[in-house]
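Could you walk me through the reasoning behind the labels used for this protein? I would like to see how each term follows from its value.

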Amino acid sequence: MKRKYARYPIIMSTCALLCFIAVVIMFAGVVQPLWGRMAILVLPALILGIVAFFAAKGKLGASATTIWTTILSIVLLLASVFYFFLLGIWTATTTTTDIQYYSRAYAQIDEKDVVEEIFPETIPADATDIVFTYTPQFLQGGEVFELSYTTTNEELTVWATLLKKEAEWIGSNRQWHSENNWSFDGVEATRYLLDWDGGFNHGEMCYVLIDEAMGRITFYYSIW
């Protein structure tokens with residue numbers, strides 16, 4: 001290389017790129033990776049790469065290259081660290097509704113026995129009118145996992161047979177809310193309560209609703 005001082009921004013740009021790749025790998029396994037927001041972290045590598053380009057072309061002298069590279073490296077490092085923490089918060093508070101992330105969300109809570117034994121690991125191929133929501137637990141916030149879809153009467157019968165063997169309580173959804181002094185604003189359906197620790201301010205609950213009239217089944221788990 002004719003202008004050896006260009007190595008400095010090249011090295012720093014490479015380090016920034018490696019850090020970007022490390023962040024992508026780190027966040028790639030979350031339920032819903034925020035790819036667009038993660039892409040912002042490639043900017044330090046690009047900016048330092050531009051400095052390296054101008055230095056290699058002789059547009060920047062040795063002193064200017066060293067000064068610019070040093071200043072930009074410090075500023076971009078601090079900004080990247082701050083943005084990294086912001087990205088972590090955004091990721092931890094993102095509510096996922098895209099059904100393509102269902103299996104990832106399921107994997108986050110499948111250590112719960114009732115979830116692993118009862119909830120579908122993947123969304124059934126014949127499911128229609130699918131509604132899915134997953135909110136991760138962050139600080140004092142609660143974790144919510146819910147899947148609802150329409151299916152055939154035959155499938156509902158199969159589910160009902162299984163749930164009758166596993167449920168702690170079976171009855172009207174409205175009745176359960178009334179007996180436990182919970183306000184009711186949901187759908188009327190048969191509630192198969194799989195688990196509830198009795199908590200109100202803090203607790204854990206898991207149940208399945210079957211609405212035969214609508215041909216719909218809902219799986220719900222939350223901890224708050």
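The questions and answers below set values against cut-offs for this predicted model.

Q: What makes up the fold, and how are the elements ordered?
A: Happy to start there: the protein has eight helices and six strands. From the beginning of the sequence to its end, the pattern runs α-α-α-α-α-α-β-β-α-β-α-β-β-β.

Q: Why is the protein called more spread out than a compact globule?
A: The globule rule gives 17 Å for 224 residues, and the radius of gyration here is 26 Å, well over that value, so the protein counts as more spread out than a compact globule. The C-alpha trace spans about 80 × 35 × 25 Å along its principal axes.

Q: How many of the residues are buried, and what surface does the protein expose?
A: Buried residues account for 39% of the 224 residues. The exposed surface comes to about 12700 Å², and carbon and sulfur atoms supply 61% of that area.

Q: How far apart are the mean positions of the positive and negative charges?
A: They are 29 Å apart, with 14 positive and 23 negative charges in the protein.

Q: How do you know that Cys15 is not bonded to Cys19?
A: A disulfide needs two cysteine sulfur atoms within 2.5 Å. The closest cysteine sulfur to that of Cys15 belongs to Cys19 and is 6.8 Å away, so the pair is too far apart for a bond. A search of the whole structure likewise finds zero disulfides.

Q: Are Cys15 and Cys206 buried, exposed or partly exposed?
A: The buried label applies under 20% relative accessible area and the exposed label over 50%, with partly exposed in between. Cys15 has 38%, so Cys15 is partly exposed. Cys206 has 1%, so Cys206 is buried.

Q: Why is Val24 called partly exposed?
A: The relative accessible area of Val24 is 21%, and buried would require under 20%, so Val24 is partly exposed. Val24 belongs to helix α1, residues 7-27. Leaving out neighbours within four places in sequence, Val24 is in contact with Trp35 and Met38. Val24 and Met38 are 14 residues apart in sequence, with their C-alpha atoms 7.0 Å apart.

Q: What makes Ala45 a buried residue?
A: Its relative accessibility is 7%, which is under the 20% cut-off, so Ala45 counts as buried. Ala45 sits in helix α3, residues 43-56. Not counting residues up to four places away in sequence, Ala45 touches Ser13, Ala16 and Leu17. Ser73 is 28 residues from Ala45 in sequence, and the C-alpha distance between the two is 9.6 Å.

Q: Why is Asp129 called exposed, while Phe132 is called buried?
A: Asp129 has a relative accessible area of 56%, which is over 50%, so Asp129 is exposed. Phe132 has a relative accessibility of 2%, which is under 20%, so Phe132 is buried. Asp129 lies in strand β1, residues 128-135, and Phe132 has its place in strand β1 as well.

Q: What is notable about the phi angle of Asp129?
A: Phi of Asp129 is near 50°, a positive value in a residue other than glycine.

Q: Which residues does Phe132 contact, beyond neighbours within four places in sequence?
A: Its contacts include Thr96, Asp98, Tyr102, Ala105, Phe145 and Leu147. Phe132 and Tyr149 are 17 residues apart in sequence, and 8.6 Å separates their C-alpha atoms.

Methods: Residues numbered from 1 in each chain as written. Predicted model: local features only at pLDDT ≥ 70, side-chain atom pairs only at ≥ 80, totals over all residues. Heavy atoms only, no water. Helix = DSSP H or I, 4+ residues; strand = E, 2+ residues; numbered from the N terminus. Rg over C-alpha atoms; globule rule 2.2 N^0.38 Å. Buried < 20%, exposed > 50% of the residue type's maximum accessible area, 1.4 Å probe, protein only. Areas by Shrake-Rupley, 256 points an atom, 1.4 Å probe, with all protein chains shown as cover. Lys, Arg positive; Asp, Glu negative; His and termini not counted. Charge placed at Lys NZ, Arg CZ, Asp CG, Glu CD. Contact = heavy atoms within 4.5 Å.
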